[in-house]
Amino acid sequence: MSQAVHPVDEILPAPKLAALGLQHVLVMYAGAVAVPLIIGRALKLPPEQVAFLISADLFACGLATLAQCLGFLGVGIRLPVMMGVTFASVGPMLSMANDPAIGILGIYGSVIAAGIFGIVVAPFISRLLPLFPPVVTGTIIMVIGISLMRVGINWAGGGIPFLTQTIDGKVVQVANPNYAQLQGLGIALFVLLVILAFIRFGKGFVANVAVLLGIIAGAILASVIGIMHFEKVAAAPWFDVILPFHFGMPTFHLVPIVTMCIVMIVVMIESLGMFLALSDMTGKPVDEKALARGLRADGVGTLLGGIFNTFPYTSFSQNVGLVGVTGVRSRWVTVTGGVIMLGLGLMPKMAALVEAVPQVVLGGAGLVMFGMVAATGARILTGVDFKTNRNNLFIVAIAVGFGMIPLVSPNFFKALPHELHPLLESGILLCAIVAVALNVFFNGVKKTSTEEIVAAAKQAEAH
């Protein structure tokens, strides 16, 4: 008699696979394209290059998802996982983007190095779990959300509040006259209200894609008003190939590489929780070898990201949440989602359409997306014992304080060596280092149980 196929390995009929795979893509789409938009605009790339970054990101999302779900040569957890660019890397990459000596090629060099690092350390990452209990991970994720809120607020304002100009031979900061115009603020508010309406009154799938529907509604309003233009969308080809090293050969700098490797550790700790939560949801046990394969796929996805002109990859927790909502456990659904992402990445018109969406439209959505990241961190912290262990209060308070330094006072570390600035200008990494150090100082190193990791991961599904 043939052995019964586990629901995770069940191949559903093609129409179901297509519909359910597209649902996974829609749930992650807004988050997936946010990072290339943020970094591309921080690098002041022309619109067609930002559109290329979006295409490259979608293409690499597909590759990373297939590596994770299909698996090959000791890579891939083979559970229903969708891979996307991690928001944890945004802060460090923004610091690198603002340093002319590093730039986009230095970013890609650090991403490639972090990917190789992830592949090598994947079997050992579980040993680092005691350094990342919920009090540490919750604090880090909360600071990630707070740090990203600056991006969302500036999007809502229509750009950046101050422009750099040279006047009488001196470089000065002048107010941006186009920032925070009433029309733009009104559109951002409209998008926010539409998203809230879908969350409040929508059911099931509609509520899950509320952010995407809000962006679409805002884009329609912007088109009617006349501030969204489609000339570049019309000029973009329907099909193009994503080639490696589009911007040139990567460059490698020590501090950015170390910075991105630290990000990789945080990302892999979060992924480990997601894998354990998925194992619990799907009823398919995972052992240490399977976890190592899944973490190695994070490294492979990040390596592919650096090669194909994009950024570090991780398991998207909103898609883990969708598995719990729908009850569909087949990994072939997310394989289908990965194929759809690959197809979207090969269609420059789609990327050009996303790039054409005005920043004010994205601002209304950004307040929700990035705010939810911060709220996820706060939600994880609700499971921390603050009542009988007051030391946890000091860990959160001081780590958040350090995380706020680059946001509140960008020149705080100006007297320190320039080579350290990419590290010191990332509030996320400062928060991570301080939180880990203070937790070891106050609480020591205690083994984190599988149940605690699963509970923290399930709390993070809202992310």
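1. Axes are lines fitted to C-alpha atoms, for helices over the stretch in contact, and angles run from 0 to 180 degrees between N-to-C directions. Helices (H or I, at least four residues) are DSSP runs, numbered from the N terminus. With those terms, take helix α3 (residues 90–97) and helix α10 (residues 254–282): their axes lie 10 Å apart, at an angle of about 165 degrees. That makes α3 roughly antiparallel to α10 (angles over 145 degrees count as such).

2. A note on the source. This is a predicted model, where local features need pLDDT of at least 70, side-chain atom pairs count only at pLDDT 80 or more, and totals for chains, interfaces and linings use all residues. Residues are numbered from 1 along each chain as its sequence is written, and side-chain values use heavy atoms, with hydrogens and water left out.

3. Back to α3 and α10. Their crossing is left-handed (the near helix is turned anticlockwise from the far one by less than a right angle; clockwise would be right-handed). From α3, the residues P92, M93 and M96 meet P256, T259, M260 and V263 of α10 (contact means heavy atoms within 4.5 Å). The contact of α3 with α10 has 6 nonpolar residues, 1 polar and no charged. Here Ala, Val, Leu, Ile, Met, Phe, Trp, Tyr, Cys and Pro count as nonpolar, Asp, Glu, Lys and Arg as charged, and the others, Gly among them, as polar.

4. Next, helix α5 (residues 134–157) packs on helix α18 (residues 427–443) at about 165 degrees, with axes 9 Å apart. That makes α5 roughly antiparallel to α18. This crossing is right-handed. On α5, the contact uses V135, V136, T139, I140, V143, I144 and S147. On α18, it uses G427, I428, C431, A432, A435, V436 and N439. The classes are 10 nonpolar, 4 polar and no charged. As for spacing, an α-helix has 3.6 residues a turn, so residues three or four places apart point the same way.

5. Helix α15 (residues 359–381) has 23 residues. From first C-alpha to last it reaches 32 Å, close to the expected 33 Å (1.5 Å times one less than its number of residues). α15 bends by about 35 degrees at A365 (the angle between axes fitted to the seven residues ending there and the seven starting there).

6. What meets A365? In α8, V211, I215, G218, A219 and A222 meet V361, L362, A365, V368 and M369 of α15. The axes of helix α8 (residues 210–225) and α15 come within 8 Å and cross at roughly 160 degrees. The two are therefore roughly antiparallel. Their crossing is right-handed. The contact of α8 with α15 divides into 9 nonpolar residues, 1 polar and no charged.

How values were computed. Angles under 35 degrees count as roughly parallel, over 145 as roughly antiparallel, 65 to 115 as roughly perpendicular and the rest as oblique.
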